[in-house]
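Biologist: I like to see the reasoning behind each label. Could you take me through a few of them, with the cut-offs?

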Amino acid sequence: MASNAPERTFLVVDDEPDILDAIERLFRKEYRVLTANSAAEALEIVQRESIQVVMSDQRMPSMSGIELLEELHKTHPDIVRVLFTGYSNIDHVIDAINQGHVYRYISKPWKPAELRLFVAQAFDYYVDRQERRSLIKQLQSANERMEKQLNLLSIANEELKTLDRVKNVFMEVVSHELNTPIAIILGYVFLLKKELDGARGDLTGKAIEGIDTSAMRLKNISNRIFKMLADEGPTSTLNLEWVTLKDLADELHTQISPFLQKRHQTFKVTLPSEPAQIHADPEKLSDIFLNLLMNAIKFSRDGQTITLSVEAATDEPETYVFSVQDQGIGISDEDVSQIFNSFFSTFESKHHSSGSFEFGKRGIGLGLSVARRFAEMHAGSIHVESVEGEGSRFVVRLPRDPEQIHGLVNDLALDTPKVLS
Ligand SMILES: Nc1ncnc2c1ncn2[C@@H]1O[C@H](COP(=O)(O)OP(=O)(O)OP(=O)(O)O)[C@@H](O)[C@H]1O
Ligand SMILES: [Mg+2]
């Protein structure tokens with residue numbers, strides 16, 4: 001047995017000591033060569049040594065070379081098995097090779113150069129196979145990890161779907177259940193106002209006004225929820241008309257001017273120089289900008305300026321870029337990624353009241369998600385650029401004619417009431 005073992009080790013099995021000697025001498029410089037003069041001894045050696053290649057003679061007493069290699073195939077499948085024999089009848093050997101028990105067969109007598117080549121090839125084969133196995137293992141474990149992640153994702157997805165359904169059902173019930181009592185309250189307020197007109201005392205008048213305003217606010221909230229749910233389904237359609245941008249800006253100005261006055265804020269409008277029109281659903285179009293403008297009013301300080309500007313996009317044909325800019329409190333980077341989600345509102349109980357235009361008042365967090373949905377329904381988009389403490393700029397890109405872009409159908413829209421923030 002060789003000492004000073006290099007790590008590449010092979011075992012030669014032969015009952016003729018001269019052959020073992022010759023092979024050992026031939027290979028000892030390159031490999032660690034172990035020898036056994038019987039199959040039994042070989043089986044015993046492979047138990048305790050780390051061996052990559054076994055080379056066995058076929059004709060040995062008590063256990064033949066093929067039998068030995070078959071046994072090794074079962075117990076040590078990684079070892080590369082080589083058989084050598086001087087038999088002229090090699091049917092057995094062919095069978096053994098075909099059944100995968102033997103990697104190679106070498107006939108006796110061999111030329112040393114040929115034997116060297118065979119042994120080198122056997123070691124290369126061993127290394128290749130190990131590498132392949134380890135790659136397959138890595139692939140399998142990556143695959144398993146991926147499958148686990150996929151499973152987790154699909155579970156999370158299912159949970160989200162359920163939550164979404166629950167949320168929608170809840171909102172639908174809330175919205176529908178609120179509608180009837182609100183309508184009744186508003187009806188009574190109307191009757192009371194009529195009945196008491198001119199003859200009411202201060203307190204009664206104030207009380208009626210209070211009930212009226214609060215009921216209207218509730219109605220707005222309920223309408224918003226309804227609107228968002230109604231437009232969620234694939235059947236939601238647009239009622240497209242040609243809207244003049246100037247008319248749109250004037251209408252928006254009229255709607256927000258009571259709030260601007262109360263907050264001493266200024267509204268500036270810049271429109272394209274030529275008379276411009278956009279093909280859009282007028283209600284949804286003004287909802288987009290009312291939401292943005294009401295937010296700008298709420299999140300700006302008294303006396304500040306809010307700007308609405310529209311221009312033709314320079315990077316896209318037939319597209320208008322609308323922007324609503326304020327000099328208000330701005331939005332933190334953390335919140336920017338969430339503000340377009342339904343019901344996201346930077347909730348703080350001291351801010352969170354039903355105020356619709358007062359400084360810093362948050363609503364239920366539907367305005368921006370409705371605005372985004374409506375912009376997308378028009379094949380458009382919305383995004384925000386904001387610096388905390390300095391102000392925000394909401395940019396809405398809308399195609400001049402969505403019908404031309406996506407062949408959207410001009411159809412009856414759900415008749416939903418206009419909603420102010
Ligand atoms: N112009 C803005 N400046 C600063 N923060 C803003 C601005 N617009 C929106 N936000 C932030 O984004 C949140 C979500 O806005 P969104 O319009 O969806 O909800 P809301 O105004 O709170 O309630 P709602 O519009 O449903 O009455 C707001 O609560 C606010 O924190
Ligand atoms: Mg809002």
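Modeller: Happily; let's begin with Tyr-103, which has a relative accessibility of 27% and is labelled partly exposed.

Biologist: Why does Tyr-103 count as partly exposed?

Modeller: Buried is under 20% relative accessible area, exposed is over 50%, and partly exposed lies in between (1.4 Å probe, protein chains only). At 27%, Tyr-103 therefore counts as partly exposed, and Tyr-125, at 29%, gets that label too. Keep in mind that this is a predicted model, in which local features need pLDDT of at least 70, side-chain atom pairs count only at pLDDT 80 or more, and totals for chains, interfaces and linings use all residues, while side-chain values use heavy atoms, leaving out hydrogens and water. Residues are numbered from 1 along each chain as its sequence is written, chains are lettered from A and ligands numbered from 1 in the order in which they are written.

Biologist: How many aromatic pairs does a search of the whole structure find?

Modeller: The search finds 11. Among them is Phe-10 with Tyr-31, at 5.6 Å centre to centre and 80 degrees between the planes.

Biologist: What makes the pair of Phe-10 and Tyr-31 edge-to-face?

Modeller: Rings of Phe, Tyr and Trp (its six-membered ring) pair if their centres lie within 6.5 Å; planes under 30 degrees apart are stacked, over 60 edge-to-face, and the rest tilted. Phe-10 and Tyr-31 have 5.6 Å and 80 degrees, so they pair edge-to-face. The partners come from distant parts of the chain, 21 residues apart: Phe-10 sits in strand 1 (residues 9-13), and Tyr-31 in the loop between helix 1 (17-27) and strand 2 (32-36). Helices (H or I, at least four residues) and strands (E, at least two) are DSSP runs, numbered from the N terminus. Phe-10 is buried at 0%, and Tyr-31 is buried at 2%.

Biologist: Why is the pair of Tyr-103 and Tyr-125 called stacked?

Modeller: Their ring centres are 4.3 Å apart and their planes meet at 10 degrees, so stacked is the right word. This pair also links distant parts of the chain, 22 residues apart, with Tyr-103 in the loop between helix 4 (91-98) and strand 5, and Tyr-125 in helix 5.

Biologist: How do you know that Arg-104 lies over the face of Phe-118?

Modeller: A charge sits over a ring if NZ of Lys or CZ of Arg is within 6 Å of the ring centre and within 35 degrees of the ring normal. Arg-104 is at 4.6 Å from the ring centre of Phe-118. Lys-284 likewise lies over the face of Phe-374, at 5.3 Å.

Biologist: Why is Phe-190 called exposed?

Modeller: Phe-190 has a relative accessible area of 52%, so exposed is its label. This residue lies in helix 5.

Biologist: What makes the span of helix 8 close to the expected one?

Modeller: The expected span is 1.5 Å times one less than the number of residues. Helix 8 (residues 282-298) has 17 residues and reaches 24 Å from its first C-alpha to its last, close to the expected 24 Å.

Biologist: Why is helix 8 described as largely enclosed?

Modeller: Of its 17 residues, 15 are buried, so the rest of the structure largely encloses helix 8.

Biologist: What makes the phi of Ser-62 worth a remark?

Modeller: Phi is positive there, about 65 degrees, although Ser-62 is not a glycine. Ser-62 sits in the loop between strand 3 (53-57) and helix 3 (65-75), and its 83% relative accessible area makes it exposed.
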